[in-house]
Amino acid sequence: MDNYQPATGRYDQMKYKYCGKSGLQLPLISLGLWHNFGSVDDFVVAADMIKYAFDHGITHFDLANNYGPVPGSAEANFGRILKENFHGYRDEMIISSKAGHDMWAGPYGGNSSRKNLMASIDQSLRRTGLEYFDIFYSHRYDGVTPVEETIQTLIDIVRQGKALYIGISKYPPRQARFAYEMMAKAGVPCLISQYRYSMFDRAVEAENLPLAAEYGSGFIAFSPLAQGLLTDRYLNGVPEGSRAARSSTFLQRSQVTPEKVEVARQLNEIARRRGQTLAEMALAWVLRDERMTSVIVGASSVNQLADNLQALNHLEFTAEELNEIEQILSSYKSYIK
Ligand SMILES: NC(=O)c1ccc[n+]([C@@H]2O[C@H](COP(=O)([O-])OP(=O)(O)OC[C@H]3O[C@@H](n4cnc5c(N)ncnc54)[C@H](OP(=O)(O)O)[C@@H]3O)[C@@H](O)[C@H]2O)c1
């Protein structure tokens, strides 16, 4: 238990945007707890990042049942941080969790069935110590479970009071359309759609992003920094302690290719002219699209989070800057995916 008191004036430092056609506003920058908040990580750093985020108007924290490692430990740590520091502030926070990826042993521990989602949300509520999640997501379309089954479960979760809003993540367009239609008919519209989106991965521009907008769903981008590739982290090799240097299977050393580093170097030059770091510009670039509600950043230190928040100071691009970025990205198109 420490004596943390949230900063006064914290809401002046952030911009908020309505999430799709809902009445819920999200901060332009949200914080994700996929990496660096697990039981293998430094708890003090994790707690400091949550406090720093809240002090700077980040009201939205994104979790999933399996975040760690070990799986579940990010939720447990977040719950402990809330309990020790944020008593009385629950109503100022939007906390999301998800289910659908591998979490426990056996045939019910990692898919999008009713059995998995119902058990999972109860586990996540217990781990975090929360009474409800603000947003609960189906983490993925699993390719087998009928979408009706998953979506009906999300609707029931809202009706049971375990979540206020629901969302989908990584659904292919056909299944996403079905989900949007079914939720709307049930009177529990899809608040938000969560997909990977960055200068290095623009797949959602073709279908998922316009589709979400068509149905009035908000859109939140994950891995907007391409897990660190769109920052200065790898400009001079793979530093010790970075995600690519760790044993994580998510960003492997082999994915830090000379071509990607060269693109980052060229983009970094544009960022420098704009008076920003590459990380700041990469976030501003994602947020340039009107349909984007928020970006979920990851961070391994308060300094990185502080840098990312600076993006808010310069979100606009000139047509020339956007053009220049397009040219760099298109000349390396085959290397950056
Ligand atoms: N729905 C889904 O399936 C899904 C999938 C993935 C992620 N997500 C969500 O999205 C969140 C963000 O994902 P992500 O962590 O991949 O996002 P990201 O913002 O693209 O990458 C974060 C990593 O980039 C590096 N970094 C961040 N800021 C930096 C800065 N200013 N300067 C230098 N390096 C910086 C850090 O790497 P180092 O650790 O090397 O320092 C940090 O861990 C997750 O926490 C999760 O909530 C959802």
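**Entry 1: a loop residue to begin with**

I started at L312, which touches K15, L28 and I29 when residues up to four places away in sequence are not counted. This is a predicted model, and I kept that in mind for every entry below. I found L312 in the loop between α9 and α10, the latter covering residues 319-331. I then looked up the distance to A284, which is 28 residues apart from L312 along the chain, and the two C-alpha atoms are separated by 7.3 Å. Is L312 buried or exposed, or something in between? I noted 19 C-beta neighbours inside 10 Å, so L312 counts as partly exposed, given that a residue needs 20 or more to be called buried.

**Entry 2: the helix before that loop**

I moved to α9, which is made of residues 302-309, and listed its buried residues as Q304, L305, D307, N308 and L309. I then asked what covers the buried residues of α9. The cover includes β3 (29-32), α1 (43-55), α8 and β10 (294-297).

**Entry 3: the whole protein**

I stepped back and counted 10 helices and 10 strands in the protein. The C-alpha trace spans about 50 × 50 × 40 Å along its principal axes. I compared the radius of gyration, 19 Å, with the value near 20 Å that a compact globule of 337 residues would have, and the two agree. Buried residues make up 47% of the 337 residues. Among contacts with a separation of 6 or more, I noted that 76% are between residues 24 or more positions apart.

I also checked the UniProt record, an unreviewed entry, which lists residues 29-329 as "domain: NADP-dependent oxidoreductase". In the model, the end C-alpha atoms of residues 29-329 lie 24 Å apart, and this span is 40% helix and 14% strand.

**Entry 4: helix α4**

I chose α4, residues 147-159, to follow from end to end, and its 13 residues reach 18 Å from the first C-alpha to the last, which is close to the 18 Å expected at 1.5 Å a residue. Which residues of α4 are buried? I wrote down V147, T150, I151, T153, L154 and I157. Looking down the axis of α4, I saw that these buried residues fall within an arc of 155°, so they line one face of the helix. On the other side of α4, E148 and R159 are exposed.

I next looked for what lies over the buried residues of α4, and the cover includes α3 (114-128), β6 (133-138), β7 (163-169) and α5 (173-186). After α4 comes G161, whose phi is positive, near 80°.

**Entry 5: the nonpolar core**

I recalled that, in soluble globular proteins, nonpolar side chains tend to be buried together. The largest nonpolar core here has 91 residues, and those that touch the most other members are I135, F136, I166, A179, L230, A282 and L283. Helix α8, residues 278-287, gives the most to this core, with nine residues.

I picked F136 for a closer look, leaving aside its neighbours within four places in sequence, and asked which residues it is in contact with. F136 is in contact with S96, S97, I121, L154, I157, A163 and I166. Two of these, L154 and I157, were already in my list of buried residues of α4.

**Entry 6: backbone oddities**

I looked up the peptide bonds around P69, which is found in the loop between β4 (60-62) and α2 (73-85). A cis peptide bond joins G68 and P69, with omega at about -15°. Another cis peptide bond joins P69 and V70, where omega is about -5°, and V70 also has its place in the loop between β4 and α2.

I then turned to positive phi values at residues that are not glycine. N36 has a positive phi of about 75° and sits in the loop between β3 and α1. Is N36 buried or exposed? I found 20 other C-beta atoms within 10 Å of N36, so this residue is buried.

A226 is not a glycine either, and its phi is positive at about 50°. I located A226 in the loop between β9 (218-222) and α7 (258-274). With 20 C-beta neighbours inside 10 Å, A226 counts as buried.

Terms used:
Residues numbered from 1 in each chain as written. Predicted model: local features only at pLDDT ≥ 70, side-chain atom pairs only at ≥ 80, totals over all residues. UniProt positions renumbered as here; feature names shortened; annotations may be inferred. Helix = DSSP H or I, 4+ residues; strand = E, 2+ residues; numbered from the N terminus. Expected span 1.5 Å × (residues − 1). Buried ≥ 20, exposed ≤ 12 C-beta atoms within 10 Å, placed from the backbone. Arc of directions from axis to C-beta. Contact = placed C-beta atoms within 7 Å. Core = buried A, V, L, I, M, F, W, Y, C linked by C-beta atoms within 7 Å. Rg over C-alpha atoms; globule rule 2.2 N^0.38 Å.
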